[in-house]
Amino acid sequence: MSTPSLLILAGDGIGPEVMTEVRKIIDWFGAKRDLAFDVSEDLVGGAAYDVHGVPLADETMAKAQEVDAVLLGAVGGPKYDDLDFSVKPERGLLRLRKEMDLFSNLRPAQCFDALADFSSLKKDVVAGLDIMIVRELTSGIYFGEPRGISVNANGEREGVNTQRYTESEIARVARSAFELAKRRGNKVCSMEKANVMESGILWREVVQKVHDEEYPDVELSHMYADAGGMQLCRWPKQFDVIVTDNLFGDLLSDVAAMLTGSLGMLPSASLGAPMENGRPKALYEPVHGSAPDIAGQGKANPIACILSFAMALRYSFDQGAEADRLEKAVEKVLADGLRTADLMGPEGGSPVSTSAMGDAIVAALDASL
Ligand code: NAI
Ligand code: MG
């Protein structure tokens, strides 16, 4: 098979800083694990606007469509706040998601033991937690028509949004969740509000049908999304993969993420349809933004971006064992007590820099051999 290709779009603010650390990791896998990537770099967000006058050039978009995976840092910053909406840095990211048709958004909530004290929940509720929320990303109430604010027959203004899902939209994100479950704990819980929403009734039917016809060996359960929110806070370890729509997924993935601590720790992936080589179209990125308040100071936590690369190893490049290796290296440096500033408790301490954290993870990788 040809060398897998990776397009790096570091973006703005702390994006390039955390990406420098990811490059160290990528180079390590090339040198020590014989896992070479054909890496190219390009501009996105404000960085692209500065050069091209648009937050994503057409040629960059075309490249993103061709590679096996895109790894993005972050976009945006105060310098660009007054730009016209059409060329704002965020539009670069939205264009990537839309044109690559990335309908399946993966947000893991993983609790490293060393950080279990960081959670607002009891330590034994979160220690060792490893769940995955799959959120439908390109349809549902954020996109459904009709929408808008208008004046109704009584002369009163009304705001309208429409939740709309087709069978094929539900089926494809369900498949994505079942495929993930097969590589994890083999369990999917689907969440909707079939008790009060027709789109929820269809959601439940279609997920069940995809299960029965294509994934009968994966354990499937259904839960109302509000009860799901309660269960996520009460006993999150009962879940493996959760699949849900765009709106509920937006809320539930944020709830689940905060079970485990800092924004600086959270990776994500957005997957689309399989390409000719069988790999899904894929964009990996940390959940955090460009953090202008700490940019340029060597304070950013690179772990969210490094764990995003671990997701790429697992979900784009079929290197689950190497993804485990990288996650264990992260776990080891945390267990050794290394903390960037965002991981310091109120009692303080001496935080390490972005590059020191990256170097320590590389050293932990070396130690894993
Ligand atoms: P943010 O995620 O950039 O920062 C929120 C807070 O978390 C800040 O105090 C920041 O210092 C801290 N933080 C974030 N990532 C960190 C890391 N890796 N290590 C240590 N601390 C970290 O969100 P904010 O401040 O709302 O937005 C800043 C800019 O980023 C805006 O222009 C916004 O539009 C953009 N943004 C971009 C996103 C993306 O590229 N996907 C997502 C969210 C915001
Ligand atoms: Mg959200």
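**Exercise 1. In which strand is R135 found?** Place R135, then work out its surroundings.

*Ground rules.* This is a predicted model, where local features need pLDDT of at least 70, side-chain atom pairs count only at pLDDT 80 or more, and totals for chains, interfaces and linings use all residues. Residues are numbered from 1 along each chain as its sequence is written, while chains are lettered from A and ligands numbered from 1 in the order in which they are written.

*Solution.*
- Step 1: R135 sits in strand 5, residues 130-136. Helices (H or I, at least four residues) and strands (E, at least two) are DSSP runs, numbered from the N terminus.
- Step 2: get the burial classes straight. A residue is buried if 20 or more other C-beta atoms lie within 10 Å of its own, exposed if 12 or fewer, and partly exposed in between, with C-beta atoms placed from the backbone.
- Step 3: R135 has 26 other C-beta atoms within 10 Å, so R135 is buried.
- Step 4: list the contacts. Two residues are in contact if their C-beta atoms, placed from the backbone, lie within 7 Å. Not counting residues up to four places away in sequence, R135 touches N105, R107, T244, N246, G249, D250 and S253.

**Exercise 2. Which residues does UniProt list for "binding site"?** Check how spread out they are, and look at D226.

*Solution.*
- Step 1: the unreviewed UniProt entry gives R97, R107, R135 and D226 under "binding site". These residues spread over 130 residues of sequence and are also spread in space, with up to 27.7 Å between C-alpha atoms. A caveat on the record: UniProt positions are in the numbering used here, feature names are shortened, and annotations may be inferred rather than shown by experiment.
- Step 2: find D226 in helix 8, residues 225-234.
- Step 3: count around D226. There are 14 other C-beta atoms within 10 Å, so D226 is partly exposed.

**Exercise 3. How many helices and strands does the chain have?** Then describe the chain as a whole.

*Solution.*
- Step 1: the chain has 12 helices and 12 strands.
- Step 2: try the globule rule (2.2 Å times the number of residues to the power 0.38, with the radius of gyration taken over C-alpha atoms). The chain's radius of gyration is 21 Å, close to the 21 Å from the rule for 369 residues, so the chain is as compact as a globular protein of that length.
- Step 3: add the extents. Along its principal axes, the C-alpha trace spans about 60 × 50 × 50 Å.
- Step 4: of the 369 residues, 47% are buried.
- Step 5: take the contacts with a separation of 6 or more; 74% of them join residues 24 or more positions apart.

**Exercise 4. At roughly what angle do the axes of helix 10 and helix 11 cross?** Classify this pair, then do helix 11 with helix 12.

*Solution.*
- Step 1: two packed helices are described by the angle between their axes and the distance between the axes. Here axes are lines fitted to C-alpha atoms, for helices over the stretch in contact, and angles run from 0 to 180 degrees between N-to-C directions.
- Step 2: for helix 10 and helix 11, the axes come within 7 Å and cross at roughly 160°. That makes helix 10 roughly antiparallel to helix 11. The classes are: under 35 degrees roughly parallel, over 145 roughly antiparallel, 65 to 115 roughly perpendicular, and the rest oblique.
- Step 3: the contact uses I303, I306, L307, A310, L313 and R314 of helix 10, and G320, E322, A323, L326, E327 and V330 of helix 11.
- Step 4: now helix 11 (residues 320-335) and helix 12 (residues 354-367), whose axes come within 8 Å and cross at roughly 120°. Helix 11 is therefore oblique to helix 12.
- Step 5: on the helix 11 side, the contact is made by R325, L326, A329, V330, K332 and V333, and on the helix 12 side by A360, I361, A364 and L365.

**Exercise 5. Is L313 buried or exposed?** Locate L313 and name its contacts.

*Solution.*
- Step 1: L313 belongs to helix 10, residues 303-315.
- Step 2: with 26 other C-beta atoms within 10 Å, L313 is buried.
- Step 3: leaving aside neighbours within four places in sequence, L313 contacts Q319, E322, A323 and L326.

**Exercise 6. Which peptide bond is cis, with omega near 0°?** Find that bond, then inspect the backbone at D101 and N186.

*Solution.*
- Step 1: the bond from E145 to P146 is cis, and P146 is placed in strand 6, residues 144-151.
- Step 2: D101 is a residue other than glycine with a positive phi, near 55°. D101 lies in the loop between helix 4 (89-99) and strand 4 (104-110).
- Step 3: N186, also not a glycine, has a positive phi of about 65°. The loop between helix 6 (167-182) and strand 8 (187-192) holds N186.
- Step 4: N186 counts as partly exposed, with 14 C-beta neighbours inside 10 Å.
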